[in-house]
Amino acid sequence: MKLENPIYRKDLGKTEYTNFNPITPDEFLTNKFGAVLNNPVSIDGRIHRFVPGGSKEKDGWYVFSEVDGLIFGKAGDWRLGKDHDVRYSPEGKISEESLKKMSEKYEEMEKERILQNKSALSRLQNEWAILPSCISHPYLENKGVSVHGDIRMTDKYMVIPMYDSDGNLINRQTIAKDGKKRFGAFLETSGARYVIDGSEKVFLCEGYATGASIHEATGATVVICFSANNLKNVAKDYPKAIIVADNDKSQTGEKEAEKAGLDYILIPEEGMDANDYAREHGLDNLANILNCRKKEPFLLSFSEWRKKQKPSRWLIKGYVPEGKGTSMIFGPSGCGKTFISLDMMLCIVTGTPWHGMKTKKSSVAYFCGEGESGIPNRVDSWLLAHGYSLEEQDELLKDFYISDGSKDLNDPLDTRELHDELEELKSAGKKFDLIFIDTLNRYFSGDENKADDIHAFLSECSKIESVMDGVHIMIVHHTGIASEKENRARGNPALKGAMQVEMMVLRNPDTGQVMLKQTKQKDLEPMPDMFFTLKKVDLPMVDEDGKPCSSVVPFCDEEERKPVDYQSIGANLLLHKMIKTAYEEKSEDIDIDTNDGGTIVRSNFLISVAKTFYHNRGMEPPYKGDYDLIKQDRKQSFISMYLEGRVEQYTPGWWKVL
C-alpha cells in the first residue's frame, strides 16, 4: 500500500511549514521505543536495527533519509507490529519544495519496502522447506518443555513458524539456546500465530515456552501470539478463547489482554509467565489456576504404566487398525487397489471374514473421489460373490456411507463444511470407525512433494479423527513413475512416517494376479504377502445396450502363489512405454513386421531401453560394451535377465517384440 504523507498536500498555500517531530531521530528512538543507542543514527535510506526497551534482541528498526536538511523516515518494533513516521528539520521550518521531494522519496522507499517483503517471504518459504525437524534444543531443556507440532531447527536456533489466519507461512521466530529471539526482517508479525493442537478448550498466550507449558498442563489447544501487543490481532479469530496473561512488572501483559476483549487469567505472581509458574510450582498447580483438568503424570512406575496400556485393536487384524491414526494402501493406476479397498470396507461393514481373517463389524465412510459410476456394480458383485442377496443390501449396508463428490482438505471452507456435517451425524448417533479417503490426490490440492503441504493434510486428518472421537483413516494413494520403481508411495517421505500401517498393491500384467504387500507395520511383525485373483461376477441386470452388467471381486489365491519377477515386469513396461513414444515421434528405430503386424525395433533402441532401465534403478550394467548389454548368449545381459521370452532376434540389427 502506498504511504500517505500527512504533511504535504497539493492544496497547501504556504511555502513553509512547521516540522512534524520537533526532536531529533536519536531522541525519537530513545523516547518512543526506549532504545539504547551505542552509535549515532544512520541517515542513509537503509534499514537498521536496534534494541528497544524491554527486549534483549534487535527487534526495533528504522530507516531515515535526508532531503535539503529535512530528515524523515519510519521506525518501529517488530514485536509490536507497529511503526511511526519521523520527520525532523534542524531549523524547524520545511519548504514546500522540500516536502515535495520528501513525498517522492517516500514513494521510492515504499516500493523498496514492498520488494524487500516479497524477497524475504520467498526466502523464508524456500528455507523452511529444507530445514530439519526440531527434536530437542537447549532452550527447550532450559524451559522444561517439549516440541509440539512442526518446529524446525538450524545449527544454532530452533525455528517456530508464524502463520496468518488462513494458514499461510508469513514469518518465523528464531530462538537461540540462551533465549534470544528474533523475527524475520521485512516480514509481517501482526496477526501471526502458531497453534499447538489439543482439546476443544483454547488458550491464547505470548511465547512458545509459555504456550507449551499451558498445553502440557491442560491438554488444551494453545494459540501462541509471540507478543502481548499481538494478542488483540489474533483474538478476533478465537472469540471463545481465554488469554493467559504474563504478570509483567510493567503490567503490559494485563493491559494488552484487556484490549483484546476476551476473558483472561493473570498469572498470580508478579514477574512470571505460565512457564515460570510451572517451573516454580509444577504443571498441576498451573492447571489449577487455569481452571482446567490436571495433566496426567509423565513418568510412572512400570506397573502403573502397564495398567494404563491398551492392547492394539484391529478392524482386520494386522491390516486395518481400530482407533485414532492413519494408514495407507497405495499402488500404480490400474493395479486393483480400489477393489482391494472396497473388499476391506464391505467385509468390515457387514462383519464378513476377510479372506479367512476375523473382522470387527463397524461403520465405514467412503470418501470416494473417482470412479463413482462403477461403485454400484462393484458392491452388487461383492454381495453376490459372498452369498448375500441384493435385496438384503439396505440392511447389510446401513452403516456404510459414501460421499457425493469430493472435498479439498486443504481448503478451509471445505473442511469447515465437512466438520459441520460430521458433527451433525455424531449428534444424531452416527459415529464412524473407519474412513477411506480414495484417493489422496482427489482430496488434496497441495504439493505432495512438500513436507509443509503433507503436514497440513495430515493435520486435517487428525482433526477429522478428533471430530469422530478416534476414527481410523485409511488413505488410498498412487505411485509415480520414479516412485513405482522404488516400490513406495508418491510424494514426501513425511507421509509414510505418519502411517500406522502401509500396504502396497501390485499387479502382474502377465497373469493378472494382484499382490498385497505390507511396507510398514507399526505394532506387529509385517503380515505375509497376499495374492488375489480378480474374478468376474455377472449381475442379474443389463446395461442401456442390453448387455449383461458385471464387475470383478478379489478372491484370495491360498494355494496358487505364483512367484512374480517385478524387475522383469518393470523392464517390460519400460520397453512398451518407450515403444509408444517412438511411434509418436515416428522414429526410424521402430517398424512393423509385415508378416503378422508385430513390432520390431533396432538393436540401438534396445540398448537405450537397457541403459534407461539401469539408470532409473541406480544399478550398474553388468557389461560396459553397448552390444554386450543385449547379447542373448550372455547369462547376465539385459535380455537374458529381464526380457527373456519378451523379445527375440529378428534379423541382424533388429529384434521382434513378442
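This passage describes strand pairing, helix packing and nonpolar cores in a predicted model.

In the C-terminal direction of the numbering, attention falls on strand E30, which spans residues 654-657 and is covered on both of its faces. Trp 654 and Lys 656 are buried on one side of this strand, while Trp 655 and Val 657 are buried on the other. Strand E30 is joined to strand E28 (residues 599-602) by 3 bridges, the two strands running antiparallel, and within this pairing Val 601 has Trp 655 as its bridge partner. An antiparallel pairing is also found between E30 and strand E29 (residues 647-651), here over 4 bridges, with Thr 651 standing opposite Trp 654. Strands E29 and E30 form a hairpin in which 2 residues lie between them, and Gly 653, located in the turn, adopts a positive phi of about 85°.

Helix packing is illustrated by helix H4 (residues 208-218) and helix H7 (residues 274-281), whose axes come within 7 Å and cross at roughly 55°. Because angles from 35 up to 65 degrees fall outside the parallel and perpendicular ranges, H4 and H7 are oblique to each other. Helix H4 contributes Ala 209, Thr 210, Ser 213 and Ile 214 to the contact, and helix H7 contributes Ala 274, Asn 275 and Ala 278. Classified by residue type, the contact of H4 with H7 comprises 4 nonpolar and 3 polar residues, with no charged residues.

The largest nonpolar core of the model contains 44 residues, among which Met 344 and Leu 516 touch the most other members. The greatest contribution to this core comes from helix H10 (residues 337-350), which supplies 9 residues. When residues up to four places away in sequence are not counted, Met 344 touches Ile 316, Tyr 319, Val 320, Trp 354, Phe 436, Met 503 and Leu 516. A second core, separate from the largest one, consists of 36 residues, including Tyr 139, Tyr 194, Ile 196 and Ile 214; Ile 214 also takes part in the contact of H4 with H7.

Tyr 194 is likewise one of the residues touched by Tyr 163, which lies in strand E8 (residues 158-163). Beyond the residues up to four places away in sequence, Tyr 163 also touches Trp 128, Asn 168, Leu 169, Ile 170, Gly 191, Ala 192 and Arg 193. Tyr 163 and Arg 193 are separated by 30 residues in sequence, yet their C-alpha atoms are 5.3 Å apart in space.

Technical notes. Residues are numbered from 1 along each chain as its sequence is written. This is a predicted model: local features need pLDDT of at least 70, side-chain atom pairs count only at pLDDT 80 or more; totals for chains, interfaces and linings use all residues. Side-chain values use heavy atoms; hydrogens and water are left out. Buried means under 20% relative accessible area, exposed over 50%, partly exposed in between (1.4 Å probe, protein chains only). Two strands pair if DSSP finds at least two bridges between them. Axes are lines fitted to C-alpha atoms, for helices over the stretch in contact, and angles run from 0 to 180 degrees between N-to-C directions. Angles under 35 degrees count as roughly parallel, over 145 as roughly antiparallel, 65 to 115 as roughly perpendicular and the rest as oblique. Contact means heavy atoms within 4.5 Å. Ala, Val, Leu, Ile, Met, Phe, Trp, Tyr, Cys and Pro count as nonpolar, Asp, Glu, Lys and Arg as charged, and the others, Gly among them, as polar. A nonpolar core is a set of buried Ala, Val, Leu, Ile, Met, Phe, Trp, Tyr and Cys residues joined through side-chain atoms within 4.5 Å.
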